[in-house]
Amino acid sequence: MKNIEDVSSLNVITLAYLGDAIYEVYVREALIRQGIVRVEELQKRAVLYVSAKGQANILRRLMEENRLSLEEIEVVKRGRNYKRSSHPKHTDILTYKLSTGFETLIGYLYLSKKEDRLLEILNYIEVK
């Protein structure tokens, strides 16, 4: 396995790719821990959090409530401002960019080994 010396130098989309996976596992596990076992119900509930709209809403709340450090805001901006030639047809570009910023932050915190801070942000979400 390649040693990642400087996480901040990684491609934003790489961080977002990992962040999306980490976040989805967290949400799925939180729902299962609540006793939801039917896959259809798990999927229906998970989409509220894991979708671009859900992620953008969470990021907006984190920023409006000043819950991110300056370093974390810079990571989010890197993800949000990444130039991409296309975006999914089912969401607007602003929502997509915000969700990419959120995923980038999650991937960055994970690879930076900032587990306590990552859990603090994930627990803030209150998956229901």
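## A tour from α4 and α5 outwards

The crossing of α4 and α5 is right-handed. Keep in mind as you look around that this is a predicted model.

**Stop 1: the α4–α5 pair.** Select both helices and look at how they pass each other. Their axes come within 7 Å and cross at roughly 130°. That angle is why α4 counts as oblique to α5.

Now show the side chains where the two helices meet. From α4, pick E71, E72, V75, V76, G79 and R80; their partners in α5 are K97, L98, T100, G101, T104, L105, Y108 and L109. Colour this contact between α4 and α5 by residue class and you will find 6 nonpolar, 4 polar and 4 charged residues.

**Stop 2: E74.** Stay on α4, the helix that holds E74. Is E74 buried, exposed or partly exposed? Turn on the surface to see: E74 is partly exposed, with a relative accessible area of 46%. For a sense of distance, draw a line from the C-alpha of E74 to that of V27: the two atoms are separated by 25 Å, and the residues lie 47 apart along the chain.

**Stop 3: helix α3.** Next, select residues 52-64, the 13 residues of α3. From first C-alpha to last, α3 reaches 18 Å, close to the 18 Å expected at 1.5 Å a residue.

Which residues of α3 are buried? Highlight A52, G54, Q55, A56, I58, L59 and L62. To see what covers these buried residues of α3, bring in the neighbouring elements, which include α1 (12-33), α2 (39-50), α4 (70-80), α5 (93-111) and α6 (115-124).

Then step off the end of α3 to N66, which follows the helix and has a positive phi, near 55°.

**Stop 4: two more positive phi values.** A little background helps here: most residues other than glycine have a negative phi. With that in mind, go to the loop between α5 and α6 and select K113. K113 is not a glycine, yet its phi is positive, about 65°. While K113 is on screen, check its surface too: this residue is exposed, with a relative accessible area of 60%.

For the last selection, move past α6 to the segment after it, where E126 lies. What is the phi of E126? E126 has a positive value of about 55°, although this residue is not a glycine either.

Definitions and conventions. Residues are numbered from 1 along each chain as its sequence is written. This is a predicted model: local features need pLDDT of at least 70, side-chain atom pairs count only at pLDDT 80 or more; totals for chains, interfaces and linings use all residues. Side-chain values use heavy atoms; hydrogens and water are left out. Helices (H or I, at least four residues) and strands (E, at least two) are DSSP runs, numbered from the N terminus. The expected span of a helix is 1.5 Å times one less than its number of residues. Buried means under 20% relative accessible area, exposed over 50%, partly exposed in between (1.4 Å probe, protein chains only). Contact means heavy atoms within 4.5 Å. Axes are lines fitted to C-alpha atoms, for helices over the stretch in contact, and angles run from 0 to 180 degrees between N-to-C directions. Angles under 35 degrees count as roughly parallel, over 145 as roughly antiparallel, 65 to 115 as roughly perpendicular and the rest as oblique. A crossing is left-handed if the near helix is turned anticlockwise from the far one by less than a right angle, and right-handed if clockwise. Ala, Val, Leu, Ile, Met, Phe, Trp, Tyr, Cys and Pro count as nonpolar, Asp, Glu, Lys and Arg as charged, and the others, Gly among them, as polar.
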